[in-house]
Amino acid sequence: MTEVKKVLMVIANDGFQDHEFWMSFAVFHDAGLDITIAAGHKWECRGVFWARTVADVDLFFADATKYDMVVFIWWGWAYAQYFHDKSYLKVALEAKKVWAICIAPMIVSESGIFNWKRVSWRDQDWVQKRFIEKNWWIWSDESVVVCWNVVTWNWPDVAEEFAKKCVEVINNG
């Protein structure tokens with residue numbers, strides 16, 4: 001019997017990106033992955049466009065080593081809420097594989113997981129590109145980038161492509 005792959009989807013309690021979350025969730029579900037949702041607290045989470053879901057686990061208690069991949073999903077104002085948060089950094093460091101959507105890499109940037117790796121990231125004003133280069137990452141204009149144990153992508157419009165790439169990577173080791 002094939003082992004079911006486990007995914008920890010980390011979202012903001014207030015301000016996850018609805019389309020990125022639900023598109024990824026649907027692709028993961030259709031692929032037969034076991035999905036757990038984690039957030040800063042274990043109750044209702046609201047998306048920026050008012051979608052709702054409930055976190056299965058409080059991020060403080062999440063053990064990323066039990067999952068085959070961890071997916072971070074954020075939106076702009078989540079950055080102000082969660083940057084420097086030790087729980088997010090702990091999960092990023094423990095993860096076997098990290099997938100970070102849109103601006104999510106900035107939230108876990110202090111963990112060092114992106115150092116010397118190619119990353120793709122939403123960048124409308126070159127602020128993020130300067131941040132990436134200053135922090136020893138390697139900027140890429142590609143929509144989805146796979147670099148060792150990290151997958152990043154740059155825009156909500158490629159959510160489905162990103163999620164499918166995650167499934168491909170997790171199923172192929």
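Over the ring of which residue does the charged end of Lys6 sit?

**View 1. The charged end of Lys6 is placed over the ring of Tyr67.** In this predicted model, the charged end of Lys6 lies 5.3 Å from the centre of the Tyr67 ring. The strand E1 spans residues 6-11 and is joined by 5 bridges to E3, with which it runs parallel.

**View 2. The protein chain as a whole combines 6 helices with 12 strands.** Of its 173 residues, 55% count as buried, and the chain exposes about 8,300 Å², of which carbon and sulfur atoms supply 54%. Among contacts between residues at least 6 apart in sequence, 65% join residues that are at least 24 apart.

**View 3. Strand E3 (residues 34-39) is mostly covered and pairs with E1 and with E6.** Within E3, 5 of the 6 residues are buried. Towards strand E1, the pairing is parallel and comprises 5 bridges, and here Val10 has Ala38 of E3 as its bridge partner. Towards strand E6 (residues 57-58), E3 again pairs in the parallel sense, over 2 bridges, and Ala39 finds its bridge partner in Asp58 of E6.

**View 4. Three strands form an open sheet in the order E2-E4-E5, with mixed pairing.** Strand E2 (14-16) and strand E5 (52-54) stand at the edges, and because each has a single partner strand, one side of each is left without a neighbour in the sheet. On average, and with direction ignored, neighbouring strands of this sheet are turned by 45° against each other. The pairing of E2 with strand E4 (residues 44-47) is parallel and runs over 2 bridges, with Gly47 in E4 as the bridge partner of Phe16.

**View 5. Phe16, Phe21, Trp22 and Phe25 come together in one aromatic cluster.** A search of the whole structure finds 5 aromatic pairs. In the pair of Trp22 and Phe25, the ring centres are 5.6 Å apart and the planes stand at 65°, so this pair is edge-to-face, the angle being over the 60 degrees that this class requires. The two residues both belong to helix H1 (residues 18-30), where a spacing of 3 residues separates Trp22 from Phe25 by about one helical turn. Neither ring-bearing residue is classed as buried: Trp22 is partly exposed, with a relative accessible area of 34%, and Phe25 is also partly exposed, with a relative accessible area of 24%. Phe16, another member of the cluster, is the residue whose bridge partner in E4 is Gly47.

**View 6. Lys164 in helix H6 (residues 159-171) is shown with Ser24.** The two residues are 140 residues apart in sequence, yet their C-alpha atoms are 8.1 Å apart in space. Lys164 is partly exposed, with a relative accessible area of 47%, a value that falls short of the 50% above which a residue would count as exposed.

**View 7. Trp137 occupies the loop between helix H5 (127-134) and strand E10 (138-139).** Although placed in a loop, Trp137 counts as buried because its relative accessibility is 5%, and the cut-off for that class is under 20%. Lys117 is shown alongside: Trp137 and Lys117 are 20 residues apart in sequence, and their C-alpha atoms are separated by 5.5 Å in space.

How values were computed: Residues are numbered from 1 along each chain as its sequence is written. This is a predicted model: local features need pLDDT of at least 70, side-chain atom pairs count only at pLDDT 80 or more; totals for chains, interfaces and linings use all residues. Side-chain values use heavy atoms; hydrogens and water are left out. Helices (H or I, at least four residues) and strands (E, at least two) are DSSP runs, numbered from the N terminus. Buried means under 20% relative accessible area, exposed over 50%, partly exposed in between (1.4 Å probe, protein chains only). Rings of Phe, Tyr and Trp (its six-membered ring) pair if their centres lie within 6.5 Å; planes under 30 degrees apart count as stacked, over 60 as edge-to-face and the rest as tilted. A charge sits over a ring if NZ of Lys or CZ of Arg is within 6 Å of the ring centre and within 35 degrees of the ring normal. Contact means heavy atoms within 4.5 Å. Accessible areas come from the Shrake-Rupley method with a 1.4 Å probe; for residues, only the protein chains shown count as cover. Two strands pair if DSSP finds at least two bridges between them. Axes are lines fitted to C-alpha atoms, for helices over the stretch in contact, and angles run from 0 to 180 degrees between N-to-C directions.
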